[in-house]
Every structure is written in structure tokens, then in C-alpha cells.
Amino acid sequence: MRLRSAVAALLLASASGGLRPPLAGAADNWPEFRGPHGDGRADAKGVPTKWSEAENVRWKTAIHGKGWSSPVVWGDRVWLTTVDEVTKGKEVDRATFFAVCVDRKTGAVVHDLKLFDETKPAFCHPFNSYASPTPALEDGRVYAHFGSHGTACLDSATGKVLWSRTDLKCNHFRGPGSSPILYGKLLILTFDGFDFQYVTALDKATGETVWRKDRNAKYAIENGDYKKAYSTPAVFEVGGKPQLVSPSSEVTVAYDPLTGAELWRVSHGGMNGAARPVAGHGMVYLTSGHTSQLYAFKQGLTGGVGKDAAAWKAIRGVPSRPSLLLVDDLIYMVDDKGVVSALDAKTGKPAWTDRFDGAFSASPVEADGHVYFAGENGNTYVIDAGRTFTPVATNKLDAGCMASPAAVGDALYLRTKTHLYCLGTK
């Protein structure tokens with residue numbers, strides 16, 4: 001069954017024009033933000049569609065501190081990050097940064113690793129957290145990232161810190177949000193701050209800088225608040241060559257992931273971009289942050305182009321925080337205020353539109369023909385994937401979600417503001 005699924009995934013990637021193949025070793029893992037394909041699609045089967053505090057909870061583990069990073073899974077362990085804060089008045093006087101490892105079968109805490117300790121850290125908006133970037137995993141290694149507050153590579157078995165960096169600076173102004181990704185021998189990090197905006201690649205074995213490229217964007221407004229962003233890049237194969245597609249404020253830039261050489265850029269406007277790009281059907285799909293517009297550009301871009309070069313665009317129900325979900329020929333999305341919709345990926349025409357209660361920051365995931373939307377109010381909405389809006393269940397937990405779910409094996413790993421859950425039939 002897994003062989004047939006893998007073959008089908010590769011055929012879909014070829015037919016749809018440039019989707020990245022699953023990450024190495026990702027068959028039963030969720031190794032980075034948005035999962036094994038980097039786009040929210042899971043290989044999981046038998047994931048529950050209904051649960052509550054009393055139903056289909058295999059385990060529930062309290063997580064100390066505050067962190068919105070999504071859970072990631074490798075083998076029999078689940079990893080996430082968190083930060084303990086000591087406040088004086090309304091200001092954070094001290095922040096202690098942790099990587100937490102939980103046993104996938106039992107929920108027992110295996111490691112609770114203190115990585116960094118910072119006095120009077122830069123301001124982080126209460127809506128955000130110092131631990132919003134999601135870790136990246138590979139066999140034997142964990143890469144925990146807290147933006148400019150620090151990055152550490154850990155031995156996943158022992159928890160030993162193999163290397164760390166605290167000299168990669170920018171003023172996030174509202175706190176960090178961009179997650180690290182792995183590509184070959186590189187760990188790629190994004191720093192779009194108030195003062196500096198750049199992308200850098202580190203040697204994942206040593207932590208040494210391999211390349212760094214400044215955005216060099218011509219911003220419409222010189223206020224640094226307008227220049228910050230929170231997005232996570234993605235690598236797509238286009239014409240047999242890799243492109244690191246990296247959204248930021250006002251522009252999305254594509255780089256050669258091995259050298260950092262710029263391949264193309266799109267000027268689409270908008271600040272505070274947070275969504276990870278997706279690709280398929282010969283196009284790359286980008287959102288514009290706070291202006292909430294969705295653009296589909298044909299792959300094969302060169303040089304600099306404007307938003308008028310888009311094959312199509314959408315302006316209704318487009319999120320500024322949650323990422324898009326592309327499954328077959330439909331793009332599923334939920335905007336920050338709960339408008340949920342599906343668009344035809346080839347034309348941009350709406351298939352359906354509806355609404356969920358509450359606000360949303362987490363990105364949707366798809367598993368076994370169902371789409372999961374985790375809300376800030378504690379509700380996770382489950383629908384059937386398809387051209388009609390078909391609700392399956394509304395599932396309530398005690399606290400809401402800022403983190404995106406991970407679907408692995410036959411379970412859903414869901415992090416709320418207080419706990420990590422393993423949801424599955426008993």
C-alpha cells in the first residue's frame with residue numbers, strides 16, 4: 001500500500017508540474033512545518049475525524065511555557081519548542097528557550113532541553129510567541145530555531161547540543177515566525193525583520209554559514225514594521241532544477257538553494273506574509289500577507305515581474321496567516337476570520353465558500369480524504385475533500401490551536417495553547 005502511495009505521489013508531482021518529492025525518510029514521519037511534502041498533505045491513513053476530551057484521546061501531555069511551533073514527528077518521538085517567560089510589569093524580563101521531546105506511543109516527556117537563556121529579550125507581541133518557528137527533523141538530528149534568539153542542532157537520541165548560533169540577528173519587532181527547512185546538506189533560515197531582511201543557509205553538520213542573501217527589496221514604505229514577514233520557504237523542482245521560493249514583505253524571491261543566487265522575483269505587495277508557498281499544475285501559488293490576495297504564477301519565471309503577470313488571482317477569503325492546501329486540483333484555504341473556501345487550482349474559480357466559527361492561525365492539513373482546520377477557539381473542523389462543502393465533524397478541546405496539526409500513521413498530533421494531544425482510535 002505504501003509503495004502504491006509513493007508511486008502515486010511521484011506521478012502526481014510529475015503531472016502537476018514541479019511539486020517537491022517527499023522528504024527523505026518521510027514515509028511515517030512529519031519532519032518539518034507542513035509535513036513530509038512541505039504542503040500539509042499527509043500519507044497517514046485511519047486518522048480519526050471525531051474526538052473530544054473524552055473520546056479518541058490516546059494521550060494528553062501538558063507543555064510548559066508558551067510556544068506556537070507545530071509538532072514534528074520522527075520515528076517514535078514528537079518534538080516541539082517552547083519558552084518560559086519571566087515578566088516585570090508588562091515586559092518580558094527573561095526568556096528561557098526549550099526543545100521538548102515526547103514519546104509518540106505514551107506521551108511521556110523524554111527530553112526537556114534548555115537551549116538558550118536571554119535577559120530582556122526583544123519585544124514579542126502577546127499574540128505571537130518566542131517559540132513560533134517549527135523545528136526541522138532528520139534521522140538522528142533536531143534543528144530547533146527561535147529566529148534571532150538562537151538556533152541549535154541536537155542529537156535526537158541523547159539531546160546533546162551539537163552546535164548552536166546566536167549571532168544571526170534581526171529585530172523581528174513582533175517576535176519570530178519563519179520555520180527552518182532542510183535541503184541536502186543545508187539548513188535554510190529566514191530573517192525578515194524590522195531592520196534586516198535576509199535568507200541564509202548553514203552547513204547542517206557544523207552550523208557554519210554557507211551563503212547569505214539580503215532581500216534588496218524596494219519597499220513602498222520605509223517604516224521597518226512594513227518590512228517584516230514570517231513566512232517559511234519551499235523548494236520546488238522546475239525544469240529539473242531546484243528553486244527555493246521564499247516569500248517576504250512586498251516580494252517573493254526564488255533562489256538557487258545551493259548558492260543563494262537569485263533566479264526571479266515577483267512584486268505582489270503586502271506585509272506580514274506568513275503562508276508557505278505551494279506549487280502544482282505548472283504554477284506556484286503565493287499570498288500577499290496583510291492585503292490577503294492569492295496569485296498563481298506560471299512556473300519558469302525569470303528576472304523581475306509584477307502581480308500583473310499572474311495567470312489568475314483571488315481576492316476573497318484569502319488568509320494572511322494560515323497557509324494554502326493544494327490537493328489534486330483544488331486549493332483549500334481558511335482566512336484569519338474563519339471564511340473557508342475551495343478554488344479550482346487551474347483557474348482560480350471558486351468551488352464553494354462557507355464559514356467556521358472563530359479565528360484561525362493554524363494551517364489546514366489533509367489526511368485520507370479529509371481536511372482538518374484547527375481554530376484558535378478550541379474547535380477543529382473536519383470536512384470531506386471535494387468540490388462540495390461537506391462537513392464531517394466539529395471537535396472541541398479545552399484550549400485553542402495556534403500550531404498546525406501533524407498527521408502520522410493513524411494518529412493526529414494536535415498542539416493547543418496548553419497541551420500536546422495524540423488523537424486516535426483506541
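Q: Which strand gives the largest share of the lining of the largest cavity?
A: This is a predicted model, and its largest cavity comes out at about 70 Å³. The cavity is lined by 15 residues, with Pro247, Ala275, Leu286, Thr287 and Ser288 nearest its centre. Three of the lining residues come from one strand, and that's the largest share: strand E19, residues 283-287.

Q: How many charged residues are in the lining of the largest cavity?
A: The structure holds seven cavities of 30 Å³ or more, so let's stick with the largest, at about 70 Å³. Its lining has seven nonpolar and seven polar residues, and the charged count is one.

Q: What is the volume of the largest pocket?
A: Start with what surrounds the pocket: 27 residues line it, and Phe127, Asn128, Tyr230, Ala274 and Arg321 lie nearest its centre. The volume of this largest pocket is about 630 Å³.

Q: Which class, nonpolar, polar or charged, has 14 residues in the lining of the largest pocket?
A: The lining of the largest pocket takes in 27 residues. Nine of them are nonpolar and four are charged, while the class with 14 is polar.

Q: Is serine 132 buried or exposed?
A: Serine 132 is found in the loop between strand E5 (109-119) and strand E6 (136-138). Leaving aside neighbours within four places in sequence, serine 132 is in contact with Trp68, Ser69, Pro176 and Gly177. Its relative accessibility is 12%, and the cut-off is under 20%, so serine 132 counts as buried.

Q: Which side chain does a polar contact of 2.6 Å join to that of serine 132?
A: Look back at the largest pocket, where the residues nearest the centre include Phe127 and Asn128. One of these pairs up with the side chain of serine 132 through a 2.6 Å polar contact, and that's asparagine 128.

Q: Which strand gives the most residues to the largest nonpolar core?
A: The largest nonpolar core has 53 residues, and Trp30, Trp79, Leu115 and Tyr413 touch the most other members. Seven of the core's residues come from the strand that gives the most, strand E4 (residues 91-103).

Q: Which valine does leucine 115 touch, not counting residues up to four places away in sequence?
A: Leucine 115 is one of the residues that touch the most other members of the largest nonpolar core. Nonpolar side chains tend to be buried together in soluble globular proteins. On the list for leucine 115 are Phe97, Phe98, Ala99, Ala144, Phe146, Ala152 and Leu154, and the valine is Val161.

Q: Why does arginine 104 count as buried?
A: Arginine 104 sits in the loop between E4 and E5. Beyond its neighbours within four places in sequence, its contacts include Trp59, Val73, Val78, Val408 and Cys422. Buried means under 20% relative accessible area, so arginine 104 makes the cut because its value is 13%.

Q: What is the polar contact distance between the side chains of arginine 104 and tyrosine 413?
A: The side chain of arginine 104 also has a polar atom 3.5 Å from the backbone oxygen of aspartate 28. Tyr413 is on the contact list of arginine 104 too. The polar contact joining the side chains of arginine 104 and tyrosine 413 is 3.1 Å.

Q: What is the phi of aspartate 368, roughly?
A: Aspartate 368 is found in the loop between strand E27 (365-367) and strand E28 (370-374). This residue is partly exposed, with a relative accessible area of 36%. Although aspartate 368 isn't a glycine, its phi is positive, at about 55°.

How values were computed
Residues are numbered from 1 along each chain as its sequence is written. This is a predicted model: local features need pLDDT of at least 70, side-chain atom pairs count only at pLDDT 80 or more; totals for chains, interfaces and linings use all residues. Side-chain values use heavy atoms; hydrogens and water are left out. On a 1 Å grid over the protein atoms alone, a cavity is a set of points where a 1.4 Å probe fits but cannot get out, and a pocket is an open set with protein on both sides within 12 Å along at least five of seven lines; lining residues have an atom within 4 Å of a point. Grid points are joined across faces, edges and corners, and a volume is the space filled by probe spheres set on the points. Ala, Val, Leu, Ile, Met, Phe, Trp, Tyr, Cys and Pro count as nonpolar, Asp, Glu, Lys and Arg as charged, and the others, Gly among them, as polar. Helices (H or I, at least four residues) and strands (E, at least two) are DSSP runs, numbered from the N terminus. Buried means under 20% relative accessible area, exposed over 50%, partly exposed in between (1.4 Å probe, protein chains only). A polar contact is a pair of N or O atoms within 3.5 Å; within protein, one must be able to donate a hydrogen and the other to accept it, and residues adjacent in sequence count only if both atoms are side-chain atoms. Contact means heavy atoms within 4.5 Å. A nonpolar core is a set of buried Ala, Val, Leu, Ile, Met, Phe, Trp, Tyr and Cys residues joined through side-chain atoms within 4.5 Å.
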